[in-house]
Amino acid sequence: MPLFSIIVPVYKAEKYISECVDSVLAQTFENFELILADDGSPDRCPEICDEYAKKDSRIKVIHKENGGASSARNSGIDAACGEYIIFLDSDDYWEGNYTLHRLAEKSKDGYDIIMFVCKLLNMKNGEMRLSRNGYNIALLENSKREEALQYLLKSKDIPGAAYIFATKRSVLNGRERIRFVTGISGEDYDFVLSCFFEAQSYSAIDDVFYIYRRGLSSSVTSTSAEMIIKGSLYAIKKWRAKAGELSCKPLAADLLNYLAFIYCTALLLAGGLKGEKKKQAFEQLSNESDVLAYGFWKKVKLVRAARKIIGAEAAAKLLNIYWKFFGK
């Protein structure tokens with residue numbers, strides 16, 4: 001059995017897929033399977049994937065009808081045989097060739113989840129900046145589960161995406177059978193929270209591993225913004241109910257604060273919409289707006305105050321303008 005199953009959803013990534021796959025094959029640790037889940041890509045990606053599979057027996061290729069990244073990732077999970085699962089997007093890549101070995105060493109202690117460091121690559125100017133680094137590894141490994149979760153939520157070190165950590169396949173196939181919700185964007189929020197609240201132990205390495213290409217498109221389209229808002233609200237509604245069921249009240253408070261932060265992100269995206277789409281988005285957001293009352297981070301408090309003083313739409317517009325100039 002391979003130690004790692006590396007799942008790559010593939011769609012319209014002909015320009016980047018080879019660098020992505022080669023960065024995995026370059027790893028010094030070799031006990032893995034690489035699952036390329038072709039999501040009905042209309043370019044040469046299916047052919048490129050098959051060519052790689054012919055050259056390396058560790059590579060499996062799944063060809064399926066287009067269903068979105070979540071559907072492709074789910075197909076990879078279902079086909080996976082490894083003890084740990086790692087996600088990698090087909091237009092991103094791994095840095096260096098030794099980090100998978102470091103993850104393998106850490107896995108010997110049996111942690112359910114092992115996080116690593118991500119770099120954001122700005123495709124407009126080539127600049128790199130660190131994201132999700134400086135983990136308090138001693139706290140993660142030596143604290144009680146609830147304390148570790150509190151730290152991750154309060155410090156916002158909990159991953160914002162599914163590709164910044166390795167998780168045991170047994171966590172995904174446990175009592176909750178964790179999978180990505182299809183038909184929405186922003187589905188990573190729910191998936192990540194599901195993994196971390198199902199897991200019993202956590203660790204991290206401070207090696208830079210994942211390189212995320214940022215800004216491949218000029219802007220978030222209105223369609224994707226709508227879908228991200230939908231995914232964010234799905235996570236807020238689901239996990240707000242779960243927060244009410246937690247016996248550890250400090251953990252519940254940290255979870256609700258994190259959900260308030262997710263709400264702010266959705267509000268920001270709504271500020272860039274127009275017409276009927278904007279109207280529908282604010283109608284949906286209004287149903288969960290009181291989650292802001294639980295936010296204690298400074299930025300969340302500022303959003304809450306702005307929303308109260310100038311209204312939701314004006315606050316969202318200001319957030320969107322600020323993000324366009326300073327957030328990318």
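## Exercises: two loop residues and a pocket

Arginine 177 has a relative accessible area of 48%, so it counts as partly exposed (between buried, under 20%, and exposed, over 50%, with a 1.4 Å probe and protein chains only). This is a predicted model, where local features need pLDDT of at least 70, side-chain atom pairs count only at pLDDT 80 or more, and totals for chains, interfaces and linings use all residues. Residues are numbered from 1 along each chain as its sequence is written, and side-chain values use heavy atoms, with hydrogens and water left out.

**Exercise 1.** Place arginine 177 and describe its backbone.

*Solution.* Start with the location: arginine 177 is in the loop between helix 7 (169–172) and helix 8 (helices are DSSP runs of H or I, at least four residues; strands are E, at least two; both are numbered from the N terminus). Next, check phi: arginine 177 comes out positive, about 45°, despite not being a glycine.

**Exercise 2.** Do the same for lysine 156, then decide: buried or exposed, or in between?

*Solution.* Lysine 156 sits in the loop between helix 6 and strand 8 (165–168). Its phi is positive too, about 60°, and lysine 156 isn't a glycine either. Last step: its relative accessibility is 29%, so lysine 156 is partly exposed.

**Exercise 3.** Which helix gives the most to the lining of the second largest pocket?

*Solution.* First, list the helices supplying at least two lining residues each: helix 6 (145–154), helix 8 (188–198) and helix 9 (222–243). Then pick the top contributor: helix 8, with four residues.
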